[in-house]
Structure formats: C-alpha cells, structure tokens
Amino acid sequence: MSGRRITYQNELHIMIDDYLSQSLEAELGRNIPALTEAEAEERRQWVRQVLEGRKTCDIPSAQVLHNVLEVWRACRPSIYRDLKRKEAMPLLAEKRLQEMYARKGKLPYNRDTTDMYATVGAEDPLTDY
C-alpha cells in the first residue's frame, strides 16, 4: 500500500483491486488484529463459502463488485463500516452475487419461450380448458 493515498472517492477501487489481486487461499490464514476470534472465524467461513461458490460461478468483474459496494455505502453506512473493519466487503459482495446466481438457477423456465409444444408447432393440450 505504499505510495497510494486512500480517499473516500478511491477507497472502493483500491479495496476491489487488492481483493482481486490476492488469492482467496491466502485470506484463509490471514490474521487481522482488530477482530475477535468469533469475527475472524466468521470471515474464514465466508472465504470458504466463496471458494466453494467459485466452482460454479465466475469471478465477478471489478465493476460489478464496485456497483454492489457503492449501494452498500449509500444505503447502509453502518454495515459498510463494520465490513470495512473486517476487511470483508468485496468478499461478502461476491458471496451475495453467488447466492443470487444460485437462486436464479432454481427459477422455473419461462413457459412462453421453452414450451415444448411451441417449439414443435403443435397445440398445447394444457391450454384447452
């Protein structure tokens, strides 16, 4: 971090750059002195969940993470400060994105576009009442 001056305007960029440039495996063993043992264990659990989620989801782009964190900073300043203290903001943003991806995968297909009768040109018997 030498040579970088962190301001309110660029702190999200720096936070995300640092997050994407370091491997998550290194975060598992990292010790943050300001955290209690319970908070440190919770942070390690988040890292494990994100590592597991990366097997099915792509690593999000810096711009997507930045947008998520901007919303948190604007709407929930107390959450923003707490996560910043735990140094887990981009981590939790990626975790939330993975949860959204998993939920989106469980939604039913759009019947209008994936209906088998519509694709073959036959009439759907379920629409006859």
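Colleague: How do α3 and α5 sit relative to each other?
Modeller: In this predicted model, the axes of α3 (37-53) and helix α5 (residues 77-86) come within 11 Å and cross at roughly 90°. The two helices are therefore roughly perpendicular (65 to 115 degrees) to each other. Axes are lines fitted to C-alpha atoms over the stretch in contact, with angles from 0 to 180 degrees between N-to-C directions. Helices here are DSSP runs (H or I, at least four residues), numbered from the N terminus.

Colleague: Which residues meet there?
Modeller: From α3 they are Glu39, Glu42, Arg43 and Trp46, and from α5 they are Leu83, Arg85 and Lys86. Contact means heavy atoms within 4.5 Å.

Colleague: And how does that contact divide by class?
Modeller: Five residues are charged, two are nonpolar and none is polar. Ala, Val, Leu, Ile, Met, Phe, Trp, Tyr, Cys and Pro count as nonpolar, Asp, Glu, Lys and Arg as charged, and the others, Gly among them, as polar.

Colleague: How do I read the numbering and the cut-offs?
Modeller: Residues count from 1 along each chain as its sequence is written, and side-chain values use heavy atoms, leaving out hydrogens and water. Local features need pLDDT of at least 70 and side-chain atom pairs 80 or more, while totals for chains, interfaces and linings use all residues.

Colleague: Where is the confidence highest and lowest among the elements?
Modeller: α3 has the highest mean pLDDT, 94, and helix α8 (residues 116-120) the lowest, 50. For the chain, the mean is 83, with 79% of residues at 70 or more. pLDDT is the predictor's confidence in each residue, from 0 to 100.

Colleague: New topic: what volume does the largest pocket have?
Modeller: About 430 Å³. On a 1 Å grid over the protein atoms alone, a pocket is an open set of points with protein on both sides within 12 Å along at least five of seven lines, a cavity is a set where a 1.4 Å probe fits but cannot get out, and lining residues have an atom within 4 Å of a point. Points join across faces, edges and corners, and volume is the space filled by probe spheres set on them.

Colleague: What lines that pocket?
Modeller: There are 18 residues, with Ile14, Met15, Asp18, Arg30 and Glu87 nearest its centre. α1 gives the most, five residues. The lining has 10 nonpolar, seven charged and one polar residue.

Colleague: How many cavities of 30 Å³ or more are there?
Modeller: One, and it holds about 40 Å³ of space. Its lining is Glu27, Leu28, Arg30, Ile32, Leu35, Ala40, Arg43 and Arg44, with the largest share, three residues, from α3.

Colleague: Last one: what does Leu97 touch?
Modeller: Leu97, in helix α6, touches Pro60, Val64, Leu65 and Val68, not counting residues up to four places away in sequence. The C-alpha atoms of Leu97 and Pro60 are 8.1 Å apart, though 37 residues separate them along the chain.

Conventions
Parallel < 35°, antiparallel > 145°, perpendicular 65-115°, else oblique.
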